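Work through the exercises below with the sequence and the 3D view at hand. Try each task before you read its solution.

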Amino acid sequence: MYRASYQKGFLTILYSVGSSPLDNWSTFTKNGYIKRIYDEDIKSLVLEIMGSNVSTTFIHCPSDCKAELGIKLPFLVLLIKNMHKYFCFEVKIQDDQRFMRRFRVSNFQSKTSVKPFCTAMPMGMSPGWNQIQFNLADFTRRAYGSNYLETVSLQVHANVRIRRIYFTDKLYTEAELPNDYKLLGKPKDLKKEKQFKAPPAARPPSPLNTGRSEGPTKQVEMETTALETETEIDTGGPDMKTDAGPEVESAAATNEEPGGQTEATEDAYY
């Protein structure tokens, strides 16, 4: 599909803003939906994929399941929102041994499992919007001891909101990214709040000590600061990063457990 195209810098395969964001994608829904909605946090249209089971509601690129993407750029980046429910995505690649390998990343897997043709690994996300950076070349080398050649297909399952999915030739800093590739908005609960100052307490002189002068009263300042973190996703393997911070482990531990699934979710998916 993209094998004959010039590939350098950024190559977007899904952008939620536009007339037809799913032009090159096929959709599969059962007990769920795929639609475009307006997200208040980033003030933009986004694609929402929701379903009662992650295995039955998803999108697949390319739209023809027999076709191949042919993307040689080694970094996959997803701008997605944590919906606090079960979610996974799957990337199929080809290595220099001419084998098809799959990487399945989910938030309902508890440990990394490496099999000859499929590697499953856990993923954690911070609340709100996340930027997930997936190093395909490094994963292929460490899991199978071979070299990454190209990406064959990509599949994104429920439950998630998507802003953009793209490939890059290297990891870019926030300053190097074009504005369209940044998450310009922030969740309301993460915004920096105003600083409030309480007026000095006026205290009348004591009737028993009218001759004694009162000292200066203390001024109380109440300050609130925003939680602005950079999160590192621990997949149990190679580096896969998101924009969040050092307090992720404690924050993730207090997050609400994903819902809307049965206990047999993982078994049903495989």
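Two exercises follow, one on a strand and one on a cavity. The model is predicted.

**Exercise 1. Strand β4**

Find the strands that pair with β4, and decide whether β4 is largely enclosed or not.

Solution.

1. Locate strand β4 at residues 44–51.
2. Look at strand β3, residues 32–39. It runs antiparallel to β4, and 8 bridges join the two. Lys35 of β3 stands opposite Glu48 in β4.
3. Check the link between these strands. β3 and β4 form a hairpin with 4 residues between them. Lys43 lies in that turn, with a positive phi of about 55°.
4. Now look at strand β13, residues 160–168. β13 and β4 also run antiparallel, joined by 3 bridges. Here Leu47 has Ile162 as its bridge partner.
5. Apply the cut-off: a buried residue has under 20% relative accessible area. In β4, 7 of the 8 residues are buried, so the strand is largely enclosed by the rest of the structure.

**Exercise 2. The cavity**

How many cavities of 30 Å³ or more does a search of the whole structure find? Which residues line the largest cavity?

Solution.

1. Count. The search finds 1 cavity of that volume or more.
2. Note the volume. The largest cavity holds about 50 Å³ of space.
3. List the lining: Val77, Gln131, Gln133, Tyr166, Thr168, Lys170, Leu171, Tyr172 and Leu177.
4. Assign elements. β11 (128–135) and β13 each give two or more residues to this lining.
5. Sort by class. The lining has 5 nonpolar, 3 polar and 1 charged residues.

Note on methods:
Residues numbered from 1 in each chain as written. Predicted model: local features only at pLDDT ≥ 70, side-chain atom pairs only at ≥ 80, totals over all residues. Heavy atoms only, no water. Buried < 20%, exposed > 50% of the residue type's maximum accessible area, 1.4 Å probe, protein only. Pairing = 2+ DSSP bridges. 1 Å grid on protein atoms, 1.4 Å probe; cavity = no way out; pocket = protein on both sides within 12 Å on 5 of 7 lines; lining within 4 Å. Points joined across faces, edges and corners; volume = space filled by probe spheres on them. Nonpolar A, V, L, I, M, F, W, Y, C, P; charged D, E, K, R; others polar.
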